[in-house]
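Me: Please take a close look at the lining of the internal space in this protein. Once that is clear, I would like to see how charged side chains pair up elsewhere along the chain.

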Amino acid sequence: MIAFVTGINYIDRGAIAYAQEAIIKEFHLNPKTWGEVLGYFGYGYMIGAFLGGLLADRKGPKFVWMLTGTAWSVFEIATAWAGDIGMALLGGSALVGFAIFRILFGAAEGPVFSTINRTMANWASQKERGFASALGLLGVPLGAMLTAPIAVALLSVTQWRIMFVILGLIGIIWVIIWAKIFTNRPEEHAKVSKEELEEIRSAKDLLHTELTLTESEQVAVPWYHFFKNPTLIMNSIGFFAFQYVNFLLLTWTPKYLQDVFHFKLGSLWYLGMIPWIGACFTVVLGGKISDALRRKTGSLRVARSGLAAVSLFLTAICFILVQFVHSVSGVLLLMAIGNAFNFLPNSIYWTVIIDTEPSKAGSFSGVTHFIINIATIVAPTLTGALVASNGYGGMFIAATVATVIGMVAMIFVKPGRTSSKKAINPAQNPLGLTK
């Protein structure tokens with residue numbers, strides 16, 4: 001259900017990219033103002049991500065799931081009339097209308113990934129954190145990939161406003177189902193057996209830097225202590241690089257293919273899927289590889305930050321090579337391989353937070369998400385400015401620069417439970433209790 005709603009989340013935010021031709025024509029926008037429309041989402045997203053993490057720790061993830069799922073679905077529906085409202089009520093400016101509703105929509109979607117991390121901290125055993133997080137995040141590339149055929153199919157049989165209404169209603173249906181089946185913790189779920197709960201909470205085979213999360217370990221660590229931990233700061237910079245590439249491809253791939261290779265909307269249903277195919281596999285594979293490296297090397301640094309640094313390096317190589325390829329097949333292949341490497345460590349950035357401070361997984365995930373989602377503003381807005389002034393070449397150079405910076409940052413990430421208290425050997429403290 002988490003993977004499913006993550007897919008809905010990405011389809012809802014990415015569908016506007018496939019409606020761009022109709023929206024630009026109807027409201028007389030240009031590449032620069034269109035980049036601004038896409039970037040407004042990020043302003044709200046940053047705030048929602050931060051507040052959602054705090055709320056998930058205080059109110060529990062179920063409350064946040066219900067609130068955020070309902071809110072973004074409503075604003076997805078409202079996007080259908082954002083430009084009209086701007087023209088009629090906001091000084092005759094469609095751009096202002098889109099700004100307001102995209103910011104509200106972003107704020108509503110913002111809490112999702114911080115809440116996922118809070119949910120994983122509550123539900124996943126330490127030895128399977130990487131894979132569990134990866135499985136939940138499968139909806140990201142899967143949703144981004146399915147955005148193309150779903151959006152194109154809806155736009156082919158109806159007009160763009162109806163597309164937003166249909167997508168919003170799907171989100172509301174998910175909320176209703178999730179409210180009936182989800183509990184904040186496995187201890188509260190009727191179908192979780194005593195044996196399964198013991199397995200989830202087991203401290204067996206933990207590394208010396210890891211502790212199990214128990215009720216007695218809910219330490220009062222303020223959210224701003226995040227900035228006292230270099231590992232969490234560097235992890236967020238590496239995560240920013242991932243998000244830059246991710247949001248760049250999500251928002252600008254359709255227009256890039258139409259402008260540079262002159263494809264019509266009817267061709268984008270399959271071309272728009274190509275950059276995301278490999279990522280659907282690597283996002284899960286990365287979690288498995290990370291957990292395997294953890295077992296084999298006994299080092300969280302190798303398993304988490306080492307894997308992420310190598311992946312970002314390979315991503316950078318792919319995007320810089322796009323500059324030297326002029327066929328659509330070659331460009332799409334490099335984008336697909338680069339994005340696959342980009343998604344390989346996707347779960348790692350979240351897992352580093354749980355490894356380092358599980359009792360504040362929601363709040364610290366919220367701070368991380370706030371920082372990384374500066375990219376949801378910078379990537380589409382900067383790309384619009386670059387395209388307007390220098391064409392599409394600058395789009396891939398900027399992506400390369402971002403990934404190189406992220407790679408360097410991840411080299412300095414040292415995961416482990418050392419931020420707020422001294423790590424305890426699980427052999428000496430098998431229940432993970434702290435004073």
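Reply: The lining of the largest cavity is made up of 9 nonpolar residues and 4 polar ones, with no charged residue among them. Please keep in mind that this is a predicted model, in which 3 cavities of 30 Å³ or more are found. The largest of these cavities holds about 70 Å³ of space, and of the 13 residues that line it, those closest to its centre are Tyr-10, Phe-113, Phe-239, Phe-242 and Gln-243. Three elements give two or more residues each to this lining, namely α12 (230-261), α17 (346-356) and α18 (361-372), and it is α12 that makes the largest contribution, with 4 residues. Because Tyr and Phe count as nonpolar while Gln falls among the polar residues, the group closest to the centre of the largest cavity brings together both kinds.

The second largest cavity, with a volume of about 40 Å³, can be described in full, since its lining consists of Tyr-18, Ala-144, Thr-147, Leu-249, Leu-250, Thr-253, Pro-254, Gly-272 and Trp-276. Here again α12 provides the largest share, 4 residues, and both α9 (139-157) and α12 supply at least two. The lining of the second largest cavity divides into 6 nonpolar and 3 polar residues, once more with no charged residue. The polar part is Thr-147, Thr-253 and Gly-272, because Gly is counted as polar in this scheme.

Charged side chains, absent from both of these linings, can be followed instead through the salt bridges, of which there are 10. One of them joins the side chains of Arg-13 and Glu-109, with N and O 3.0 Å apart. Since Arg-13 belongs to helix α1 (residues 2-18) and Glu-109 to helix α6 (residues 94-109), this pair ties together parts that lie 96 residues apart in sequence. Both partners, Arg-13 and Glu-109, are buried.

A further salt bridge is formed by the side chains of Asp-57 and Arg-118, at 2.8 Å from N to O. This pair also links distant parts of the chain, with Asp-57 in helix α3 (residues 31-59) and Arg-118 in helix α7 (residues 112-123), 61 residues apart. The two partners fall into separate accessibility classes: Asp-57, at 23% relative accessibility, counts as partly exposed, whereas Arg-118, at 4%, counts as buried, because the limit for a buried residue is under 20%.

In another salt bridge, Glu-187 pairs with Arg-201, and their closest N and O atoms are 3.1 Å apart. Glu-187 sits in the loop between α10 (160-181) and α11 (194-201), while Arg-201 is part of helix α11, so the pair ties together parts that are 14 residues apart in sequence. Glu-187 is partly exposed, given its relative accessibility of 39%, and Arg-201 is buried at 16%. Beyond these pairs, Glu-26, Asp-84 and Arg-161 are joined into one network by salt bridges that share partners.

How values were computed. Residues are numbered from 1 along each chain as its sequence is written. This is a predicted model: local features need pLDDT of at least 70, side-chain atom pairs count only at pLDDT 80 or more; totals for chains, interfaces and linings use all residues. Side-chain values use heavy atoms; hydrogens and water are left out. A salt bridge is a side-chain nitrogen of Lys or Arg within 4 Å of a carboxyl oxygen of Asp or Glu. Buried means under 20% relative accessible area, exposed over 50%, partly exposed in between (1.4 Å probe, protein chains only). On a 1 Å grid over the protein atoms alone, a cavity is a set of points where a 1.4 Å probe fits but cannot get out, and a pocket is an open set with protein on both sides within 12 Å along at least five of seven lines; lining residues have an atom within 4 Å of a point. Grid points are joined across faces, edges and corners, and a volume is the space filled by probe spheres set on the points.
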